[in-house]
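Biologist: I am new to this structure. Please take one pocket, look at it closely, and then show me what surrounds it.

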Amino acid sequence: MTPRGTGRIPEERARGEQEYAIWEDRTRVFLQPVAAPSILGLFGLAGATLMVGAWHAGWYGTAVTPLALFPFVLTFGGLAQLLAGMWSYRARDGLATAVHGTWGAFWLGWGLLFLLLGLGGIPAAQLPVIGVAAPAFAFWFVVLTAITGLSAIAALGQNLGMAATLAILTLGSAFTAAGFWAGTTWPLRVGGWMFVIAAVIALYTAAALMFENSFGRTILPVGKYRAEARAMGRRKVSRPLEYRYGQPGVKIGQ
């Protein structure tokens, strides 16, 4: 007596082989290699976060210092990182798309705010000042805290360098939001230190990706591991054409 349900296995296997043969005969694979977009994205994130974080931490500057910072923050931290986020779609990396898209858009908004202030398009009274309550500006960082925190959890599935960067960015965003919400200086100072630390880790992670791309091997370890390595006792079955995903032969991720 045949066990219940086992009769369907040969039928499904035959149907799958037939489907595979049809796709194999009709499919042509065009590969367009994409360098890891997070190389540019993390460098842009690190540059903008380092400059603004050091200002928040009180290392230098005055209340009008952002008027000198915004061109760099707008272009490198904002535009370049946003482009890296869009290129991450090509690399099929959802995490990089979310991180660089979110932070790139944030730095674009930050730069545009101070550009308008410098041009007189916004009253000077709207200028966010350390030690003065600005609940509307605080909400910028509330949103960043939520999205970056979720991204930090997702980054645990890729590498520890990205996860550490995002975890500390989450803390920095949370302290900054609290500081601007309450008009208190010390949370902003702590947030600034967190941003600087996150920028240093982001620089390291970006350099690790760049060196790996240049030398073809790992130079700086970032705790990177493959998803299939976490599946204990399971063996990954690979097929030449993953036609079920709509992009045969294209590698997912960076």
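Modeller: Start with the second largest pocket. Its lining has 13 residues, and those nearest its centre are Gln126, Leu127, Pro128, Ala134 and Phe137. A pocket here is an open set of points on a 1 Å grid over the protein atoms alone, with protein on both sides within 12 Å along at least five of seven lines; a lining residue has an atom within 4 Å of a point. The space inside comes to about 250 Å³. That volume is what probe spheres set on the points fill, with points joined across faces, edges and corners. Helix α5 contributes the most to the lining, with three residues.

A word on the source. This is a predicted model, so local features need pLDDT of at least 70 and side-chain atom pairs count only at pLDDT 80 or more, while totals for chains, interfaces and linings use all residues. Residues are numbered from 1 along each chain as its sequence is written, and side-chain values use heavy atoms, without hydrogens or water.

Now the frame. The chain has seven helices and zero strands. Along the sequence it reads α-α-α-α-α-α-α. Helices (H or I, at least four residues) and strands (E, at least two) are DSSP runs, numbered from the N terminus. Of the 254 residues in the chain, 39% are buried. Buried means under 20% relative accessible area, exposed over 50%, and partly exposed in between, with a 1.4 Å probe and protein chains only.

Go back to two residues of the pocket. Pro128 and Phe137 also line the largest cavity, together with Trp55, His56, Trp110, Phe114 and Phe180. α2 and α4 are the elements that give two or more residues to that lining. A cavity is a set of grid points where a 1.4 Å probe fits but cannot get out. The volume of the largest cavity is about 30 Å³. How many cavities of 30 Å³ or more does the structure hold? One.

Trp110 is worth following from there. Beyond the residues up to four places away in sequence, Trp110 touches Val52, Pro66, Leu69, Phe70, Val73, Phe137 and Trp140. Contact means heavy atoms within 4.5 Å. Phe137 is thus named three times: in the pocket, in the cavity lining and beside Trp110.

Trp110 also leads into the largest nonpolar core. This core has 42 residues, and Trp103, Trp107, Trp110, Phe141 and Leu166 have the most contacts inside it. At least two residues come from each of α2 (38-56), α3 (66-90), α4 (94-119), α5 (135-155), α6 and α7 (185-215). α4 supplies the largest share, nine residues. A nonpolar core is a set of buried Ala, Val, Leu, Ile, Met, Phe, Trp, Tyr and Cys residues joined through side-chain atoms within 4.5 Å.

Two of those tryptophans also meet a polar residue. Gln81 sits in helix α3. Is Gln81 buried or exposed? Gln81 counts as buried because its relative accessibility is 0%. Its contacts, beyond neighbours within four places in sequence, are Gly41, Gly44, Leu45, Phe76, Val99, His100, Trp103, Gly104 and Trp107. With His100 there is a polar contact between side chains, at 3.4 Å. Such a contact is a pair of N or O atoms within 3.5 Å; within protein, one must be able to donate a hydrogen and the other to accept it, and residues adjacent in sequence count only if both atoms are side-chain atoms.

Helix α3 also holds Tyr89. Tyr89 is exposed, because its relative accessible area is 57%. Past α3, Arg92 lies in the loop to α4. Its phi is positive, near 60 degrees, in a residue other than glycine. Arg92 is partly exposed, at 23% relative accessible area.

Finish with α6, residues 160-182. It has 23 residues and spans 33 Å from first C-alpha to last, close to the 33 Å expected at 1.5 Å a residue. The expected span is 1.5 Å times one less than the number of residues. At its start, a side-chain oxygen of Asn159 comes within 3.0 Å of the backbone nitrogen of Gly161. Gly183 follows α6, with a positive phi near 70 degrees. α7 has 31 residues and reaches 45 Å from its first C-alpha to its last, close to the 45 Å expected. Just after α7 comes Gly216, with a positive phi of about 75 degrees.
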